[in-house]
Amino acid sequence: MKKISLLLLSAVLVSSCVSKKEFAALQAEKESTETELRTVKTNLQKCLIEKEKEDTKLFALQEQVKSLQEDKKSALKQVENLTVLTQSSSDNIKTVISQLSEKDKYINGIRKAMTQKDSINLAIKYHLTRNLTEGIQDKDIEVNVEKTVVFISISDKLLFKSGSYNVTDNAYTVLEKIAKVIKDQPQMEVMIEGHTDPTPIKRDLIQDNWDLSALRATSITRILQYKFGVKPERLIAAGRSQYVPVVENNSPENMAKNRRTKIIIMPKLNQFFDLLEQDAK
């Protein structure tokens, strides 16, 4: 009996030891499983975060694609509109370009004509200054160029006696030189202007300074025509009396400056405009 009791006690003790080992094993397995589970959850969370990022990128790319597609449609529409506009307005553009070209030609024609006239006038001034001032004081003859006109101003003491419209002997020398220059420029017209001071005058055939200035102009005109062969259709005689002074008539010296004859060499307007029209074409 005593032996049986010992055996039972030994069996119980053995059974108790085996259960603890299994429990420890199960406990360890449980902890390992829990660790794996936590690891899986952590990886799952990371995957979900990465998926959200990729979804965001995908959405952005899809929106970009849509935007590019809309831009493409808009660009195609603009190209279509531009093509239609170009086709419909090409003739107008050509017309405008043609008009601008014609205007450029006209402007260049004006510049060319003005340059030609300026060159002619400068040449005339050079020859006149060189020829007329030879042996003559500069103060008696002045030659100037303004725009397209040459002005020759000659003191009355070089051409006329006081209060007279009859030319002096010295006048023929000066007028011969002027006539030579005039005949060398057949495309130019010539105006002879008589100018006086305001001193009143009244003589046979002379009622006042209007008469004196006009008679002096016609005297010079006749000499240029009849003695030196200038064609009369190129000549213009004009009297300006006392009303276009170069200085105030407040001294004998100034009054002497105002008593003068102007010979104006100028282009014929009809030839000038013919030249412009020819260049414009």
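**Exercise 1. Which residues does Ser241 touch, not counting residues up to four places away in sequence?**

*Solution.* Start with the contacts, meaning heavy atoms within 4.5 Å: Ser241 touches Gly194, His195, Thr196, Asn209, Trp210 and Ser213. Before going on, note that this is a predicted model, in which local features need pLDDT of at least 70 and side-chain atom pairs count only at pLDDT 80 or more, while totals for chains, interfaces and linings use all residues. Residues are numbered from 1 along each chain as its sequence is written, and side-chain values use heavy atoms, with hydrogens and water left out.

Next, place the residue: Ser241 sits in the loop between strand E4 (235–239) and helix H5 (252–258). Helices (H or I, at least four residues) and strands (E, at least two) are DSSP runs, numbered from the N terminus. Then take one partner, Thr196: it is 45 residues away along the chain, yet the two C-alpha atoms are separated by 5.3 Å. Finally, check accessibility: Ser241 counts as buried because its relative accessibility is 2%. Buried means under 20% relative accessible area, exposed over 50%, and partly exposed in between (1.4 Å probe, protein chains only).

**Exercise 2. Which residues of H3 are buried, and which are exposed on the other side?**

*Solution.* First, check the helix length. The expected span is 1.5 Å times one less than the number of residues; for the 15 residues of H3 (residues 169–183) that gives 21 Å, and the end C-alpha atoms are 22 Å apart, which agrees. Second, list the buried residues of H3: Ala171, Val174, Leu175, Ile178, Ala179, Val181 and Ile182. They cover an arc of only 160° around the axis, so they lie on the same side of H3; the arc is that of the directions from the helix axis to the C-beta atoms. An α-helix has 3.6 residues a turn, so residues three or four places apart point the same way. Third, turn to the other side of H3, where Asp169 and Lys180 are exposed.

**Exercise 3. Which residues of H3 and H4 meet?**

*Solution.* From H3 come Tyr172, Leu175, Ala179 and Ile182; from H4 come Ile220, Ile223, Leu224 and Lys227. By class, this contact has seven nonpolar, no polar and one charged residues. Here Ala, Val, Leu, Ile, Met, Phe, Trp, Tyr, Cys and Pro count as nonpolar, Asp, Glu, Lys and Arg as charged, and the others, Gly among them, as polar.

**Exercise 4. Is Ser219 buried or exposed?**

*Solution.* Locate Ser219 in helix H4. With a relative accessible area of 12%, Ser219 is buried. Its contacts, not counting residues up to four places away in sequence, are Phe160, Tyr165 and Val167.
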